[in-house]
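Let's take a walk through this model together. Keep the sequence handy and the viewer open as you read.

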Amino acid sequence: MELPNPAPSPHLGRVLRQYELVDRVLDYDPEADEALLNRAYVFSMHAHGSQKRASGDPYFSHPIEVAGILTDLRLDDETIATAILHDTVEDTVATPEEIERLFGPNVARLVDGVTKLSKIEAQTDNERAAENLRKFLLAMSGDIRVLLVKLADRLHNMRTLHHIPKPEKRRRIAKETMDIYAPLAERVGMYEFMKEMQTLAFQQIEPEAYESITRRLEQLKLGGGDRIARIASGLKLLLSRAGLEADVSGREKHPYSIFRKMNERHISFEQLSDVMAFRAIVPTEEDCYRALGVIHRRWPMVPGRFKDYISTPKRNGYRSLHTTVLTAEQTRIEIQIRTARMHEEADFGLAAHWSYKQGTQPDTQVSWIRDLVEILDTADSPEELLEHTRMAMYQDRIFAFTPKGELIQLPKGATPVDFAYAVHTDLGDQAVGAKINGRVVPLSTVIENGDQVQVLRSKGQVPQPGWLNFAITGKALAAIRRHLRQTERAELIALGRKLYDDIVRRLPAPLGPDALPHALSRLKMGDEATLMAGIARRTLSDATVMEALMPGSAGADLALIAPQSTAISIKGLTPGVAFDLAECCHPVPGDRIVGLRRPDAGIEVHAIDCRVLAELAERGADETDWVDVDWGDQSEGAVARISVQVKNEPGALGIVSTIIGAHRANIIALRLDTRDTIFHTNVIDVEVHDIHQLMRLIAALRAADAVNAVERV
């Protein structure tokens with residue numbers, strides 16, 4: 001049955017009637033479930049009742065407009081029904097069970113995925129936004145139609161955003177649209193959605209810049225008269241004379257696109273020459289390349305502005321030829337050349353692939369959605385989740401190839417580490433080096449468009465902390481940070497257990513078998529691992545642990561009754577994770593050392609004669625901050641710092657580096673400290689195995705004629 005339509009809104013015009021909406025779907029899908037659409041329309045209208053939007057329109061108009069947007073994309077009846085119902089569960093008394101009973105499990109699942117997420121009581125906006133994004137991406141990964149409805153929902157909300165009275169709320173919604181929904185639309189190739197969202201959000205976020213650019217575009221139209229029509233007509237005539245049938249259209253670029261280019265190039269509007277874009281739609285792919293040749297023979301191409309997205313499509317499936325040329329009027333114009341099918345895909349992206357009876361997601365979308373879900377599983381904080389997800393969605397792309405010719409798309413600035421993780425997480429974890437175009441390069445090398453990349457791997461390799469300095473993709477950063485967190489916790493537990501054993505040795509009597517479980521209960525800790533990590537990070541003092549293990553022991557004079565502490569070996573622990581070698585004294589294996597414990601940090605290892613320790617002792621630092629540590633049987637070396645004074649003559653520094661190399665030490669850093677007419681002093685960081693190797697090196701340097709003095713810093 002059809003209910004009377006609500007009164008027309010003075011703000012948005014007449015609401016799409018029930019029969020009109022159904023007819024739209026039947027026009028492109030005669031087999032659509034008409035009864036399903038009618039039931040959804042009537043149910044939603046009854047459920048929303050007299051609810052109003054900020055504009056004063058009946059709330060019911062919003063889901064119907066969202067459904068109308070999706071009929072333009074020719075989506076299936078279940079998706080249209082979902083759009084009509086998408087707010088009923090949150091904003092009315094309707095229940096998920098009722099939706100499933102009346103409309104079936106598929107529509108119920110889609111509605112559940114698209115329903116506006118419940119407000120989450122969190123401490124920060126980032127936490128709330130991250131939790132919303134997490135739930136949404138998980139729902140989207142199950143059925144991409146969730147994303148299509150959500151994008152249409154957000155697009156209609158942006159069209160009516162100006163009705164919201166509070167400016168700060170409008171800006172918050174606009175920023176969320178710019179940060180999340182516009183990138184999602186771009187990621188699935190729905191450029192028309194993306195451009196409209198960006199324009200509407202830009203208007204709220206940068207109102208002055210928006211007004212300035214739109215005003216100048218209007219002036220450009222008035223000053224240039226029919227320049228766009230004239231150029232389009234000339235382009236069509238040029239292609240026609242070459243025997244090519246083409247539909248040519250032109251337009252100014254949208255305000256946000258112009259604003260972004262002005263910021264990227266640091267230029268004014270007047271200096272921006274390519275504000276016009278033209279599109280030539282030709283019958284076949286072969287005609288695209290023929291048209292490109294005709295255009296380049298007629299007008300000179302602007303170097304670096306040609307892109308072939310037909311032979312190498314974007315990751316979202318976008319295909320087209322892009323070129324920028326300089327016309328006879330000395331005007332730079334961008335021309336896009338594509339077929340009608342490419343044009344449909346360019347405007348509506350993934351939705352163009354989703355024919356109304358198709359039940360699977362296009363293969364082009366599966367990989368990046370899988371990457372996003374993997375990021376969800378590895379993110380440690382809301383800020384990290386938002387950072388990695390935006391990186392995965394919203395960066396300009398380049399193309400690189402595996403040795404077998406497989407195409408890998410990456411953001412600009414990506415390195416072989418990013419490439420390796422894009423191929424497979426295991427390959428990224430085990431990367432030790434790379435070859436770009438057959439040449440061995442560091443993992444920090446930036447990949448250029450068209451490079452062939454071969455990742456060198458070793459099963460003994462693990463992700464390195466230094467990779468965080470140059471990896472840029474969300475997937476790579478998430479995987480590296482996940483491994484470092486796991487490694488840090490394992491090493492903290494191992495270090496904490498050594499410290500725990502030392503605490504136990506200082507107790508006045510041996511512990512019984514139930515002492516540790518009782519201590520965990522007193523400390524309100526669930527397991528031993530948490531206790532050991534707390535001891536290592538000094539979130540628990542030694543006295544607190546002793547008191548929990550043996551009540552009353554912490555206050556006793558244990559110096560007379562407790563055995564001497566045993567040095568904690570740092571063998572097997574990773575510098576920078578469970579402990580840090582102090583930058584002030586640069587201890588190396590063989591030095592006498594002591595550990596300094598600080599709350600929420602690993603042990604900081606100092607040489608016993610370090611000036612920092614002396615200063616702390618003079619200030620009366622709490623002795624419980626100190627830990628007796630030793631190197632153990634270290635297999636890895638450390639970095640020592642030496643000051644080398646050499647003669648100010650050619651080749652002197654070369655002699656120093658030769659001696660260092662001959663002693664199998666590695667120069668990590670070198671800095672000129674002082675220089676005069678006779679001598680200059682360099683501070684050099686050298687990696688050595690132990691103190692004995694360092695002493696031999698210093699002795700050899702002192703013996704060289706070019707060296708005047710050497711001291712350890």
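**A walk along the chain**

Start in strand β1, which covers residues 247–252: that's where you'll find Ser249. This is a predicted model, so keep in mind that local features were only considered at a pLDDT of at least 70. Is Ser249 buried, exposed or something in between? With a relative accessible area of 37%, Ser249 is partly exposed, because buried would call for under 20% and exposed for over 50%. Now look across from Ser249 to Ala280: the two are 31 residues apart in sequence, yet their C-alpha atoms sit 6.8 Å apart in space.

There's a similar pair further along. Ser444 belongs to the loop between β9 and β10, the latter being residues 453–457. Its relative accessibility is 37%, so Ser444 counts as partly exposed. The partner to look for is Asn469, 25 residues away along the chain, with 8.5 Å between the two C-alpha atoms.

Next, the salt bridges. Side chains of opposite charge can pair when their charged atoms come close. How many salt bridges does the structure hold? The count is 19, and a few of them are worth a visit.

Take Arg145 and Asp76 to begin with. Their side chains meet in a salt bridge, at 2.8 Å from N to O. Arg145 is in helix α8 (residues 145–159), while Asp76 is in the loop between α3 and α4, so this pair ties together parts that are 69 residues apart in sequence. Both Arg145 and Asp76 are buried.

Stay with helix α8 for another one. Here the side chain of Arg154 meets that of Glu176 in a salt bridge, again listed at 2.8 Å, N to O. Glu176 comes from helix α9 (residues 167–187) and Arg154 from helix α8, so to speak a link between distant parts of the chain, 22 residues apart. The two ends are not equally covered: Glu176 is partly exposed at a relative accessible area of 24%, whereas Arg154, at 10%, counts as buried.

Back beside the strand where we began, Lys253 forms a salt bridge with Glu334, and the closest N and O atoms are 3.2 Å apart. Glu334 lies in strand β5 (residues 332–339) and Lys253 in the loop between β1 and α13 (255–265), so the bridge ties together parts that are 81 residues apart in sequence. Both Glu334 and Lys253 are buried.

Salt bridges can also share partners. Which residues do they join into one network? The members are Asp502, Arg505, Arg506 and Asp542. Have a look at Asp542, placed in helix α24 (residues 542–549). Asp542 has a relative accessible area of 13%, and is therefore buried. The side chains of Asp542 and Arg506 are also joined by a polar contact of 3.3 Å.

Now for the surface. Asp23, Asp27, Asp33 and Glu34 form a negative patch there. Glu34 is part of helix α2, residues 34–48. Why can Glu34 belong to a surface patch? Its relative accessibility is 39%, which makes it partly exposed, and residues in a patch need over 30% and no salt bridge.

A nonpolar patch turns up elsewhere on the surface. Leu653, Ile667 and Leu670 make it, and its area is about 210 Å². Leu670 sits in strand β18, which spans residues 666–675. This leucine, Leu670, is partly exposed, with 40% relative accessible area.

Finally, check the backbone at two loop residues. Arg74 isn't a glycine, but its phi is positive, at about 60°. You'll find Arg74 in the loop between α3 (61–71) and α4 (77–85), the loop that also carries Asp76 from the salt bridge with Arg145. Arg74 is partly exposed, at 41% relative accessible area.

The other one is Asn437, again a residue other than glycine with a positive phi, this time near 55°. Asn437 lies in the loop between β8 (431–436) and β9 (439–441). At 49% relative accessibility, Asn437 counts as partly exposed, since exposed would need over 50%.

Technical notes. Residues numbered from 1 in each chain as written. Predicted model: local features only at pLDDT ≥ 70, side-chain atom pairs only at ≥ 80, totals over all residues. Heavy atoms only, no water. Patch = residues over 30% accessible without salt bridge, like charges linked within 9 Å, V, L, I, M, F, W, Y side chains within 5 Å. Areas by Shrake-Rupley, 256 points an atom, 1.4 Å probe, with all protein chains shown as cover. Salt bridge = Lys/Arg side-chain N within 4 Å of Asp/Glu carboxyl O. Lys, Arg positive; Asp, Glu negative; His and termini not counted. Charge placed at Lys NZ, Arg CZ, Asp CG, Glu CD. Helix = DSSP H or I, 4+ residues; strand = E, 2+ residues; numbered from the N terminus. Buried < 20%, exposed > 50% of the residue type's maximum accessible area, 1.4 Å probe, protein only. Polar contact = N/O pair within 3.5 Å; in protein donor to acceptor, adjacent residues only side chain to side chain.
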